[in-house]
Amino acid sequence: MNNGAHDKKCEIWAIGGGKGGTGKSFVTSSIGTHLASKGNKVVLIDADLGGANLHTLLGVSKPRNSLTDFFEKKASLNDIIVNCGMPDIGLVSGTLSSLDSENIKYAQKLKLFRQIKAIDTDYILIDLGAGSHNNTIDTFLLADKMIVVTLPEITALENMYHFIKNVFFRKLKIILSAHGLKDMIQDVWKNRDVHGIKHLKDVVEHLMGTSAHVRDIIENELASFKIYIILNQVRSGREVMIGSSVKSVCLKFLGFDAQYAGHIEYDESVLRCINKRLPFMLTHPFSHVAKEIIKLTENLKDGRQITVTADKYANRRL
Amino acid sequence: MPIEDYKKYFDALELSSDAQLSEVRNSYLHLKSLYSNDSIVTSAIAYELSEEKRHEILEQVEEAYAKLADFFTNKDADTAVSEKPSFVVDEELKQYMSGMQSFSGKMLKEIREKLGVNLKDMAVFTKIRKQYFEDIENERFSALPAEVYLRGYIMEYARYLSLDPEKVANDYIERYRTAR
Ligand SMILES: Nc1ncnc2c1ncn2[C@@H]1O[C@H](COP(=O)(O)OP(=O)(O)OP(=O)(O)O)[C@@H](O)[C@H]1O
Ligand SMILES: [Mg+2]
């Protein structure tokens, strides 16, 4: 019997972004802390199986359980959620003892996804690792809200574009497969020279031109595909604008919707705090960083975005 | 044009259809600078950004801004009377005006003020946004629209002040080109 546990919709948010060290784990733990402080039940999942460290950011030195128990000892996901000192926050740790994280079997992956969706809580936040491995992308696609954390640095932006393009591609592939058009994208891509295809948008346009049926499928998907951008480690008002620019590039060049959820300034106390294994949101509740995280969390909750304008930001000091 | 027809212009500027004039303007300036210049945001994805596409976007952004500027002017003008107020030009000023050879923003402003013309009336009458006239006077070249539109606006400005439209526009545009 379902005791109404699923009456209230649980939202899954995934935090990724391609490049390592942008602040994905810091942002995940901080958003989680804020949501919990507002009376929500939150479960954080460390899906960075190669480099799990979300527990450290939450002040847990050695998690009692981890995904190892799920993969190797067949424990259920619900039973390996550990407490982390704050009420209403549970953690599924990603520390693996031996398993090769890239070789998780397909069936195991599906089982994990099924059990993630079944967790009884208000919010599930998934912290992803760096890179654009298929497992990472599939986990990202599991989310109701797909969030990328990037920096005002060309390399971080490069990796982020690469990541979201791969996400989009994979999503298209999955959708087309579901309609019995499994190899369509690969075929188009393989013959891209014949079709005069250079860019991602060309692929989409080409596919849409093949038939009204395919066009409907893709348009439907495009309408709901949305990436939320968080710009971290911002050092000037000018850099704040980068989030708006990225949003525009996604819209105009990649052809899908992106929303600028918010920005977080660079603050040395973040590192100090992490090294002491203290949750930043609780030790620095009145800092700019904390306020910015609160704001962007609220934006994400409501699906709102920020508009920053050059006249207000370009010359502003943080 | 009914408001729905303007939606694509709001879309081009990445705004919702209830955006205010100031938002339209800010977004226009931001997008124009984003796609006219190189920045880390565009360099990081240079392989997806063909020059043609970039150009196409810039044109769309320009067009959207020009169209929306009209949209807002018409909206403002709906309630106002668009009648050109008469003003008297004394002989001395007339002499001075006909002898003018160059027309900087500052000089245009000076003439206008001497004639006692205010920009609001001028905007209502010409159906061109006041902001454009301000930018012309202040020579805020980076904020001004593409040359084809700008020329039209300057000519209207000149005509309103009874200056020679061609002469004023030619001189001003030359200054605009060198500055860019
Ligand atoms: N806003 C900030 N101000 C200052 N330093 C920050 C900020 N955000 C993150 N950092 C620093 O960046 C480091 C990396 O952050 P974090 O571990 O969250 O990144 P990550 O994206 O999860 O990395 P990985 O890809 O390795 O998982 C942190 O240890 C912290 O020192
Ligand atoms: Mg991490």
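**View 1. A right-handed crossing joins the picture of helices α6(A) and α10(A).** In this predicted model, we start with two helices of chain A: α6, which covers residues 154-178, and α10, which covers residues 212-224. Their axes lie 11 Å apart, and the two helices pack at an angle of about 135°. Angles over 145 degrees would count as roughly antiparallel, and those from 65 to 115 as roughly perpendicular. The angle here belongs to neither group, so α6(A) and α10(A) are oblique to each other.

**View 2. Ligand 1 sits among 18 surrounding residues.** Take a moment to find the closest ones, which are G21(A), K24(A), S25(A), F26(A) and N232(A). What is the make-up of this shell by class? Nonpolar residues number 7, polar residues also number 7, and charged residues number 4. Several elements of chain A each supply at least two residues of the shell: the helices α1 (24-37) and α12 (268-275), and the strands β7 (226-234) and β8 (257-265).

**View 3. Backbone atoms of chain A meet oxygen and nitrogen atoms of ligand 1.** Look at G21(A), where a backbone N or O atom is 2.9 Å from an oxygen atom of the ligand. For T22(A), a backbone N or O atom lies 3.1 Å from an oxygen atom of ligand 1. At D267(A), the partner is a nitrogen atom of ligand 1, with a backbone N or O atom 3.0 Å from it. How much of the accessible area of ligand 1 does the protein cover? On its own, ligand 1 has 630 Å² of accessible area, and the protein covers 83% of that.

**View 4. Chain B is built with 10 helices and 0 strands.** If you follow chain B along its sequence, the pattern reads α-α-α-α-α-α-α-α-α-α. The C-alpha trace of this chain spans about 60 × 40 × 20 Å along its principal axes.

**View 5. Helices α7(B) and α8(B) cross at roughly 125°.** Here we zoom in on a pair from chain B: α7 runs over residues 119-126 and α8 over residues 130-138. The axes of these two helices come within 8 Å. Which way does the crossing of α7(B) and α8(B) turn, left-handed or right-handed? Their crossing is right-handed. As for the angle, the range for roughly perpendicular ends at 115 degrees and roughly antiparallel begins over 145, so α7(B) and α8(B) are oblique to each other.

Methods:
Residues numbered from 1 in each chain as written. Chains lettered and ligands numbered in written order. Predicted model: local features only at pLDDT ≥ 70, side-chain atom pairs only at ≥ 80, totals over all residues. Heavy atoms only, no water. Near = heavy atom within 4 Å. Polar contact = N/O pair within 3.5 Å; in protein donor to acceptor, adjacent residues only side chain to side chain. Areas by Shrake-Rupley, 256 points an atom, 1.4 Å probe, with all protein chains shown as cover. Helix = DSSP H or I, 4+ residues; strand = E, 2+ residues; numbered from the N terminus. Nonpolar A, V, L, I, M, F, W, Y, C, P; charged D, E, K, R; others polar. Axes fitted to C-alpha atoms, helices over the stretch in contact; angles between N-to-C directions. Parallel < 35°, antiparallel > 145°, perpendicular 65-115°, else oblique. Left-handed = near helix turned anticlockwise from the far one by under 90°.
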